[in-house]
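Q: How should one read the fold, the cores and selected residues of a model such as this one? Please guide me through the features one at a time.

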Amino acid sequence: MNKVIKAFTKRILFVDDNQNNLNSFRANFRKDYEVYTALTSKEGYQLIELHDIPVILSDYKMPEENGVLFLEKVKENFPFTVRIMLTGHADMPAVVDAINKGGVFRFLPKPWNEEVLRNSIENAFDIYLTKNLLGIRNEELKKAYAELDKLVFSTAHDITGPLSNIMGLVTLIRMDDSNSAKY
């Protein structure tokens, strides 16, 4: 297993403007995950920059900026981070924005069902690991392709010299048929 995967810590961030929701979330999930909470998107973003946080949950309605704008910024700067919208505000435009702009993995209602939320978080960690492993494998493939490209170039170059000599001799034989045995 890769070093990046071995060092993986299940960190989650929940951003919500209601302290009671944050407290409840922390109480429910602190045993299984390293839980970070933030009352504002600005505070949440600071935590993301300080810690490698694979899964982020965000409320939709918050005073400074809504959760879609927050998750949109996260998506731009931390594309492997898996984003979940957890909110009591679930109208169709909010869902569409969350999916299209914020690139959310799940849009879940409040109050949350702990089993559904826990399964969504575990699935989000699986996606995060898969994305990272795929990124690692892609880099390995790029390196292997570059090495193969060098090998093909080197082989072609090494074969070209002798083939040129043979072609030159064939041309001489064609031009001077009487001395072909000599060549």
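The dialogue below moves from the overall fold to the cores and then to single residues.

Q: What kind of model is this, and which secondary structure elements does the protein chain hold?

A: The model is a predicted one. Its protein chain comprises 6 helices and 5 strands. Read from the N terminus, the elements follow the order α-β-α-β-α-β-α-β-α-β-α.

Q: Is the protein chain compact or spread out by the globule rule?

A: The approach is to set the radius of gyration against the value that the globule rule gives for the chain length. Here the radius of gyration is 29 Å, well over the 16 Å given for 183 residues, so the protein chain is more spread out than a compact globule. The C-alpha trace spans about 100 × 35 × 30 Å along its principal axes.

Q: What do burial, contacts and surface add to this picture of the protein chain?

A: A residue is termed buried when its relative accessible area is under 20%. Of the 183 residues, 31% are buried. As for contacts between residues at least 6 apart in sequence, 60% join residues at least 24 apart. The exposed surface amounts to about 11400 Å², with 56% supplied by carbon and sulfur atoms.

Q: How far apart are the mean positions of the positive and negative charges?

A: The protein chain carries 23 positive and 25 negative charges, and their mean positions lie 3 Å apart.

Q: Which residues touch the most other members of the largest nonpolar core?

A: A nonpolar core is read by its members and by the elements that supply them. The largest core has 20 residues, of which Leu13, Ile48, Ile56, Phe70 and Met85 touch the most other members. Two or more residues each come from β1 (11-15), β2 (34-38), α3 (41-50), α4 (67-77) and α5 (92-100). The greatest contribution, 4 residues, is that of α4. A second, separate core has 19 residues, including Phe25, Leu57, Trp112 and Tyr128.

Q: What is leucine 13 in contact with, beyond its neighbours within four places in sequence?

A: Among the contacts of leucine 13 are Tyr36, Thr37 and Ala38, together with Leu47, Ile48, Ile56 and Phe70.

Q: Is threonine 81 buried or exposed?

A: The relative accessible area is compared with the burial cut-off of 20%. Threonine 81 has a value of 5% and is therefore buried. This residue lies in the loop between α4 and β4 (82-87). Beyond its neighbours within four places in sequence, threonine 81 contacts Ile53, Pro54, Val55, Ile56, Val74 and Tyr128. Its C-alpha atom is 24 Å from that of proline 63, 18 residues away along the chain.

Q: Where is arginine 106 found, and what is it in contact with?

A: Arginine 106 belongs to strand β5. Its relative accessibility is 31%, so arginine 106 counts as partly exposed. Outside its neighbours within four places in sequence, the contacts of arginine 106 are Arg83, Ile84, Met85, Ser120 and Asn123. The C-alpha atoms of arginine 106 and arginine 83 are separated by 7.4 Å, although the two residues are 23 apart along the chain.

Q: Which residues does a cis peptide bond join?

A: The omega angle is the quantity to inspect. The cis bond joins lysine 110 and proline 111, with omega at about -10 degrees. Proline 111 sits in the loop between β5 (106-109) and α6 (114-175).

Q: Is tyrosine 145 buried or exposed?

A: Tyrosine 145, in helix α6, has a relative accessibility of 60% and so counts as exposed. Its C-alpha atom lies 16 Å from that of alanine 156, 11 residues apart along the chain.

Technical notes: Residues are numbered from 1 along each chain as its sequence is written. This is a predicted model: local features need pLDDT of at least 70, side-chain atom pairs count only at pLDDT 80 or more; totals for chains, interfaces and linings use all residues. Side-chain values use heavy atoms; hydrogens and water are left out. The radius of gyration is taken over C-alpha atoms; the globule rule is 2.2 Å times the number of residues to the power 0.38. Buried means under 20% relative accessible area, exposed over 50%, partly exposed in between (1.4 Å probe, protein chains only). Contact means heavy atoms within 4.5 Å. Accessible areas come from the Shrake-Rupley method with a 1.4 Å probe; for residues, only the protein chains shown count as cover. Lys and Arg count as positive and Asp and Glu as negative; His and the chain ends are not counted. The place of a charge is taken as NZ of Lys, CZ of Arg, CG of Asp or CD of Glu. A nonpolar core is a set of buried Ala, Val, Leu, Ile, Met, Phe, Trp, Tyr and Cys residues joined through side-chain atoms within 4.5 Å.
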